Structure formats: C-alpha cells, structure tokens
Amino acid sequence: MKNNVFELRNIHKKFKDGTVALKNINIQFKASTFTALIGPSGSGKSTLIRLLNSLETPTEGDILYLGESILNPKYDMIKHRTEVGMVFQSFNLFPNLSVLDNINLAQTNVLKKSKSEATETSLKLLETFGLLEKAYQYPNQLSGGQKQRIAIVRSLAMNPKVMLFDEPTSALDPEMVGEVLSVMKTLKNQHMTIILVTHEMEFARLFADEIVVMDQGEIIEVNEPEVLFSNPKSERTKTFLKRIFERP
C-alpha cells in the first residue's frame, strides 16, 4: 500500500467575506500517484490545492504532510515549499531575468547552491524538456506555452517530492496546451506525485490515477478515471460530466 503524502482531516475554509469555500474535506493523496481535481468553477478546487502549500490556511481541521501537521507553528515551511512545488495559471516569471536566471534564483537563494551548481541543474532540466535554446532568452521572448514549461522547470529545479498544478493550461491558447500537458506526462512516467486542478477532462481521463470531483466546496466522488467517467455514482457528478461532454 502506498504511503500518504498529504492527508486532509475535517477541513473547513471560510473567507473573511463569509464565503464558505470548503466543507468537511477528508482525503488522502498517495505517493507516486497522479490525482486530478475536477468540478465546476467555484467548487473549491483551487482553494484546496493552495492549502497544500500553505497559501491558504483552513478555518478548521488539520493538514498532514508525510505524517506531520503543516499547521504546527514550529513546522519548517521553507523546507516544505522546496519539497512541494507549485505551478499556477499565471507563469510568475521575473521579466527582467533570463530564463536561466529565473530557474537559478531559488536554487541559489533557498537551497544555497553555488551559481555553477544551479546552472548545471537548470541546463539539464531545460535540455530534458526541449527548452535548452531558450536559456538566455527573456520571458517576453517566449510563447505562453514556453513560459509555463519554464515555470514547471523552475519548480523541478528544487527537486520536489510533489508537484501541484492549479489549472496550468487555462491561460494558454488551445494549440499551446499540449506543450504543458506533455511535461506532466513525463513527470507521471517518472513517478512524481502530482496533484492537478484541471478542466482538461480527456487528459485527466487518460493520465490520472485517481479523479476527485468537487462541487460547492465538497468532495462528492473519488474514483479511478475509467470507472468515474463511465459509471459515476453521484448524481452531481453525472450532471457535471453531462454538461461538459455535451458542449458543442
């Protein structure tokens, strides 16, 4: 049985304006497993994934990473964020730095690598993902798909144990989506633990090990892709999938 990387226990999240984002969330994310979070916009998917990197804090409940509560005031959050990489909808690259310097920055500042060590890691990763020729270019010289792939490489340079993706293709033109999804396929083949918030249903069906369906701040169904897409148990899941797949 695979070990749990994350475990969420009785999580509730209420924002200051009174919005209830998450209700009674209990779920485990297993090591070396690709989990996709799907559901309508506003269902709580992004809030849930942001909790895992402590970008949001739950109102109630506990979050365990490798058996340790990340809500403990003594918890080493800097170490946590090196082990749990996160890629957002926006690329968050520094426009005044080259691609190579963007990737080197956290390695030298957080991991305390020398510039030559960081550069060696960065160039190897860029080569692996077909981006070596972009090393000395600047973000404004890149396409959206290239920027997002660079953002992923920057996270991978920290040698994370887990990668979180919050709708990484939503800001991209359709023809660039495949570039980013191909990187995630590679990570899956390397047995990286991946948690992905996505609206790319076909990708989730083909490549995820487990699908989590959310609606109105709750987890309404968890299952393997083929079972969930062919025979969903929840009426809310059936309605959501019908709406998605009947789009013109």
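Two helices count as roughly parallel when the angle between them is under 35 degrees. With that cut-off in hand, here is a friendly tour of two features of this predicted model: the packing of helix α3 against helix α5, and the largest pocket, which has a volume of about 500 Å³.

**How α3 and α5 pack**

- Helix α3 covers residues 99–109 and helix α5 covers residues 144–156; their axes lie 8 Å apart and meet at an angle of about 30°.
- That angle falls under 35 degrees, and α3 and α5 are therefore roughly parallel to each other.
- The crossing of α3 past α5 is right-handed.
- On the α3 side, the contact is made by Val99, Asn102 and Ile103, while α5 brings Ile150, Val153 and Arg154.
- Sorted by class, these contact residues comprise four nonpolar, one polar and one charged.

**The largest pocket**

- The space in the largest pocket comes to about 500 Å³.
- Its lining counts 22 residues, and Arg81, Met86, Ala106, Arg154 and Ser155 are the closest to the pocket's centre.
- At least two lining residues come from each of α2 (77–83), β6 (84–87), α3 and α5.
- Strand β6 gives the largest share of the lining, with four residues.
- The lining is made up of 13 nonpolar, seven polar and two charged residues.

**Where the two topics meet**

- Helices α3 and α5 pack against each other, and each also supplies at least two residues to the lining of the largest pocket.
- Arg154 belongs to the α5 side of the helix contact and is also among the residues closest to the centre of the largest pocket.

Conventions: Residues are numbered from 1 along each chain as its sequence is written. This is a predicted model: local features need pLDDT of at least 70, side-chain atom pairs count only at pLDDT 80 or more; totals for chains, interfaces and linings use all residues. Side-chain values use heavy atoms; hydrogens and water are left out. Axes are lines fitted to C-alpha atoms, for helices over the stretch in contact, and angles run from 0 to 180 degrees between N-to-C directions. Angles under 35 degrees count as roughly parallel, over 145 as roughly antiparallel, 65 to 115 as roughly perpendicular and the rest as oblique. A crossing is left-handed if the near helix is turned anticlockwise from the far one by less than a right angle, and right-handed if clockwise. Contact means heavy atoms within 4.5 Å. Ala, Val, Leu, Ile, Met, Phe, Trp, Tyr, Cys and Pro count as nonpolar, Asp, Glu, Lys and Arg as charged, and the others, Gly among them, as polar. On a 1 Å grid over the protein atoms alone, a cavity is a set of points where a 1.4 Å probe fits but cannot get out, and a pocket is an open set with protein on both sides within 12 Å along at least five of seven lines; lining residues have an atom within 4 Å of a point. Grid points are joined across faces, edges and corners, and a volume is the space filled by probe spheres set on the points.
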